[in-house]
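Hi everyone, thanks for coming. Let me show you the structure I've been looking at, and then we'll walk through it together.

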Amino acid sequence: MNEFRQLEKFDLSDYGDDFLLTWEKSLSELKATVYVAEILNELHKRRKSFRYFDAGLAISIFRDKSTRTRYSFAAAANALGLTVEALDEEKSQISHGETVRETASMLSFLTEVIGIRDDMYLGVGNSYMREVAEAVDESYKAEVLHQRPSLVNLQSDLDHPTQSLADLLALKTYFGSLDELRGKKLVMSWAYSPSYGKPLSVPQGIVALMSRFGMQLTLAHPEGYELVPGIVQSAERHAEESGGSFQIVNDMKEAFANADVVYPKSWAPINIMRQRTELLRDSDYEHLTDLEKSCLAQNLQHENWECTEELMKTTKNGKALYMHCLPADITDVSCKQGEVAASVFERYRLDTYREAGFKPFVIAAMIYLMRVPNPVQTLAKLMED
Amino acid sequence: MNEFRQLEKFDLSDYGDDFLLTWEKSLSELKATVYVAEILNELHKRRKSFRYFDAGLAISIFRDKSTRTRYSFAAAANALGLTVEALDEEKSQISHGETVRETASMLSFLTEVIGIRDDMYLGVGNSYMREVAEAVDESYKAEVLHQRPSLVNLQSDLDHPTQSLADLLALKTYFGSLDELRGKKLVMSWAYSPSYGKPLSVPQGIVALMSRFGMQLTLAHPEGYELVPGIVQSAERHAEESGGSFQIVNDMKEAFANADVVYPKSWAPINIMRQRTELLRDSDYEHLTDLEKSCLAQNLQHENWECTEELMKTTKNGKALYMHCLPADITDVSCKQGEVAASVFERYRLDTYREAGFKPFVIAAMIYLMRVPNPVQTLAKLMED
Amino acid sequence: MNEFRQLEKFDLSDYGDDFLLTWEKSLSELKATVYVAEILNELHKRRKSFRYFDAGLAISIFRDKSTRTRYSFAAAANALGLTVEALDEEKSQISHGETVRETASMLSFLTEVIGIRDDMYLGVGNSYMREVAEAVDESYKAEVLHQRPSLVNLQSDLDHPTQSLADLLALKTYFGSLDELRGKKLVMSWAYSPSYGKPLSVPQGIVALMSRFGMQLTLAHPEGYELVPGIVQSAERHAEESGGSFQIVNDMKEAFANADVVYPKSWAPINIMRQRTELLRDSDYEHLTDLEKSCLAQNLQHENWECTEELMKTTKNGKALYMHCLPADITDVSCKQGEVAASVFERYRLDTYREAGFKPFVIAAMIYLMRVPNPVQTLAKLMED
């Protein structure tokens, strides 16, 4: 494989202990993750085991409900030989330092990987992951732990790297190579949904990652649905560095014109998300309910932000690739009025499944690159057999 | 082993991707399942591993509470090298097409087996399993999935094949061979229980399966406790084809006379089960509660349908084998008035445990026959060692 | 390793099927458990697998919430090649004979180990474990089970052997050898906590175990917080036999003087615990709530039982080792007034983590010694590689 030869040239010595944010990784490290995921996917297709561990635990901490991410993490861990032990918390909470520090160590004694999903509260999820990382660092240095487990961000308030990298692999597969992404127009667009409090991490992850591959990125959303400013700035810088472009528009139609790829998806207004964190910090559950109502009302003002057949006709040759992290809110199927028209979704349904199918392999690739000494040589041996 | 030589002669090329209903399987396929289960049981007794997979997932979907079936599936999966990932739904529900289709694929990327228990609503469970099967078929054909996982029915509204085949293996063990079942009288009888809404799948599974082995089958129940008509017709046809017989009586005493095997067990009136599904479809939870009361009242009219010492004396030499899928409602032990007298149950208690003990091996055998290429040759090698 | 040579000399032929109470084990068996735990810990540190099983289940039954014991059991099982299947009961209950007997067998068909935590009700937990043990004995003798699974007490009302043996290994590591414990003063002291109904099993486990190694044991608690009389008598006898001493005082200051090790920890008044069991037996949930209030009120009378810096200064050179089973109630950190001052806890925090880190290896050692034929020779081979 051509990808494998590229992989051998990358310097992966600083890949790091954790995978929390794509913008903390070098371009080589990101490409390596995608290439390794692709190779593991290919091995699985040939029904060839890429199990590496004889035993070991993968801890999962989900502070939000999840079916598909939970499955993807379980599948990745299992394929590598690890067993998932789930620590489910009944209720999202702003965690206290001492408890985080202690629990992180208590769950790490024989643990290779800790996967965390904490995406509900802006300003909370990524901070929590940092606290866990610091706790296991301290315990490893003090020889409380024999090994320092690796953290995988399974979705935080800031980024959703296992999703965005699976999306990147889907784009690579669709267009033929990462180089082919150069100059392609990708639209990350807000879309209407009758649901509340969807995190900003997917659109943030998409603009921060795809801008590194020379794409013509357009972020579209109504006023009030801005992303976290620092991440938007990163996307702008990435676009400049990679020879691509990045623009923000407040009109879905304008955005879709001549697009190669569209990613229409709902998220919550940033001010609502900020207030939500404040209310949670004060355990003010009554006003949290009020906030939900005002969020839904605000969304309703933009009900016409739907990915319709008409809009799709305005894309490149009327045939842009439609992407979604699933589940989508489909008009007349999963709700009365949603993100996407039923006929559009149905035409791309299996494509979205395929997109999702890369996620277990992306997670496995992250673990592989963080935990396996000499990962490229180890893969080379696997492929020779 | 004699069974192994028979196994080598069977044509198992059409065993199929799924195991949903015993009446969809040929006699050879059913015998093969029992023989392989027996061999795996024997290997385990000798503490010999029959692990086949290096890694891989087994998904379990339980839409009803379960301890022992959950354990049996976990034990079977584990013995073969698979890890169970449980997808528990909080509440039984009539599922919607789009969600089933998507979820089925999302949980199948690295999955070998999906075990489903959905037995609460007549007309629902088996349909749900079909929908899942169609979804993974579609995704496999579209190359969304690298492999098409196999479904195992862990109890539907129609059949409970892992139970009935475990029961068949228990009968084979008790009488010495499947041929010895020919002409033996087995009574599948309704019995009183102070509980509500027990599914019809066990009695249906028993009459549909045991009628294929030349047994003299008697189904006994009060009026109003009929089984699903199509399954009764299958049992009649099977009895005719296999040289056995099948009769229905409305009197427990008449049924027990000269029986070789008795299987007294409660189930709900079929009309109650039909109304229940309608109410659930309409999300009419209030009337569901009323329905429960009228079911209990109807049961109470047949409180004397108990497997007593007196009744047992009327069986062949007073020594019929008592069977039960467990847990039994035992008079004066688990309830005031139940399916079976305490002294009868106690005499056969360890027999019912032994019967239950075959279930993990039956599930393992189904998976083995569906997933292992050349299962008989692979088993042969295991046995040589 | 010196420990390994000692291990080879022990007679471990009567180690037993279960590990329920340390006082049922010989001194050699206890030492062997600690030594094997230490060796497994060392192998893990060198990243060497000590997996023994190819497949097999470990059942966990937690009748009380748990994060760290659950993790420790999962880690131990996984490291040995077993997969945990959790049977969680929603609510603690006085279990009925028939259900226990049946469930125990139903969960044992392919099971190597059953770990049980049942510590909430005095007079209940240990009895429950005995019932499970008798049930699997009966089923094994009747050939319902191919093998008789081993029980591990993960905390009962009487003892917490996985904790006390992890503590013993921590002491061995701290002082250099088990022989070095001889003559050292260990204070097991009650301490104030604003929480209700903490079991007596940790202090009972500590005095019953540490008294066997020639330590100078002091048990300190306010009046009304006595331990179960039979266990106190055992500790007295053990102290005499081992050449140590055992005394009870009702004053924390008196106890701490010149101590080498202090273990300040809250537990409930024994009369409260006795009443609690009675109320539960009668399902009298209303009075259970009243009882909680009176327990908290009684604790409040001894709010000054806190492990302060002042008290620590009175220990041997002001430098006694502080131990805790975690989580500790830390004044001004996890509660307003608790068991230990924040500065004391912080100084020993990583020591308590290290102490906890031995628990998975202690559990693995118990399983190893109960399930592996010729465990010492098998370990010897592992160490040669």
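Let's begin at the rotation axis: in chain C, the residue that comes closest to this axis is C:Thr83, with its C-alpha at 4.7 Å. Please keep in mind that this is a predicted model. Where does that axis come from? Chain C can be superposed on chain A by a rotation of 120° with 0.1 Å of shift along the axis, and the RMSD is 0.0 Å. The two copies are therefore related as by a three-fold rotation axis. The copies use different surfaces, though: 4% of the contact residues of chain C recur in chain A.

Now to the contact between chains A and B. How many residues does each chain give? Chain A supplies 23 residues, and chain B supplies 19 residues. On the chain A side, helices H2 (27-45), H3 (68-80) and H13 (342-357) each give two or more residues. H3(A) has the largest share, with 6 residues. Sorted by class, that side of chain A has 11 nonpolar, 8 polar and 4 charged residues.

Finally, a look inside chain C. Here 5 strands make an open sheet, ordered E7-E6-E5-E8-E9, with parallel pairing. At the edges sit E7 (245-249) and E9 (321-322) of chain C, each pairing on one side only. Further in, E5 (residues 185-190) and E6 (residues 216-220) of chain C run parallel and are joined by 5 bridges. In that pairing, C:Ser189 stands opposite C:Ala220 of E6(C). And what packs on the sheet? Helix H8 (residues 229-242) of chain C does, touching E6 and E7 of chain C. The direction of H8 makes about 145° with that of E7(C).

Technical notes. Residues numbered from 1 in each chain as written. Chains lettered and ligands numbered in written order. Predicted model: local features only at pLDDT ≥ 70, side-chain atom pairs only at ≥ 80, totals over all residues. Contact = placed C-beta atoms within 7 Å. Helix = DSSP H or I, 4+ residues; strand = E, 2+ residues; numbered from the N terminus. Nonpolar A, V, L, I, M, F, W, Y, C, P; charged D, E, K, R; others polar. Pairing = 2+ DSSP bridges. Axes fitted to C-alpha atoms, helices over the stretch in contact; angles between N-to-C directions. Least-squares fit on C-alpha atoms with pLDDT ≥ 70 in both.
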